[in-house]
Amino acid sequence: MAVPPSSPRPLPSALQRVPLPIIGAPLFIISHPKLVIAQCTAGVVGSMPALNARPASQLDEWLAEITESLAAWDRAHPERKAAPFAINQIVHKSNDRLEHDLEVCAKYKVPIVITSLGARTDLNQAVHAWGGVVLHDIINNAFARKAIEKGADGLIAVAAGAGGHAGVKSPFALVQEIRRWFSGPLALSGAIATGDGVLAALAAGADFAYIGSAFIATEEARAAQAYKQCIVDSSSDDIVYSSLFTGVHGNYLKPSIRAAGLDPDHLPESDPSQMNFGGDAKKAWKDIWGCGQGIGAVDAIVPVAELVARLARELHAAQARTVARLTLAA
């Protein structure tokens, strides 16, 4: 199949309102309104899983807080409006809250919905009905095609090294294969924690870098202090890839696995048919900490605004450096 043109691709209006080409990944348990608002006002897409609101009725309260806070920010900063926010919906059959949570998202006309672990045409149509954009996360090209066939607007390529549930594909291979047939919105995830990494994602063909683990070690994240400090103290050597905890392969911090009484270097495989993303999963993720391989760049617990400012400085420096190198090579 022919490669799409290399000229800039038009993005849905919601995705055009992102000052920096970065989407903060939804972090199970950790993301909440304070983090989402801080990300959006700093200039990147902030997101959270709908399932983080517990009980389910709390989702309404949280979406009210996010929408009202971002509207207030925009009134106070008309020259520097907030980026849009996103809500992650787990489409897997174990999520018995999906219909309820989708109705609440419709009430607040959530601008971006990130779907995971299943693609559904009816869900995509529901989001489109209120003017929202659907981004579906995938780990390979086959899943990417299915998502677009079922009506998703864009894709999140979860490559090797990403935190939490992640694939094994090289980011270059995955983006390359997707861009041979799909020219729509594309975010890339996988060990990105610097501005250089953001530029690499863009150069590979993505529209956005999808960053999760670096945001765990921020003051606004709802993570235990020990979790945040473990990220600061760890590197890619401290990450293990396992399916044991949810039935789906993901990346986790070895120190948290040892603290739970397990040997991270000799973990058994899990039965995929026993996948669970309800209450039991929350208990597992509270003690077993998901994390990606990019954390070697994280050396302090900082406010979100400071992290985003660093990423912006590094991105601009990387762009200038790349232009200079290309000029010398010409």
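Visitor: Before we start, what makes two strands count as a pair here?
Guide: Two strands pair if DSSP finds at least two bridges between them. Strands themselves are DSSP runs (E, at least two residues) and helices are runs of H or I with at least four, numbered from the N terminus.

Visitor: OK, so what stands opposite Val158?
Guide: That's Ser189 in E8. E6 and E8 (residues 186-189) pair in the parallel sense over four bridges.

Visitor: And where does this model come from?
Guide: It's a predicted model, where local features need pLDDT of at least 70, side-chain atom pairs count only at pLDDT 80 or more, and totals for chains, interfaces and linings use all residues. Residues are numbered from 1 along each chain as its sequence is written, and side-chain values use heavy atoms, with hydrogens and water left out.

Visitor: Back to E6: which strand pairs with it over four bridges, with His136 as a partner?
Guide: E5 (residues 133-138), also in the parallel sense. His136 has Leu155 as its bridge partner in E6.

Visitor: Is E6 buried or exposed?
Guide: Five of the five residues (154-158) are buried, so E6 is largely enclosed by the rest of the structure. Buried means under 20% relative accessible area with a 1.4 Å probe, protein chains only.

Visitor: Which residues sit on each side?
Guide: Gly154, Ile156 and Val158 are on one side, Leu155 and Ala157 on the other. In a regular strand the side chains alternate between the two faces of the sheet.

Visitor: Zooming out, how many helices and strands are there?
Guide: The protein has 13 helices and eleven strands. Of its 330 residues, 54% are buried.

How values were computed: Buried means under 20% relative accessible area, exposed over 50%, partly exposed in between (1.4 Å probe, protein chains only).
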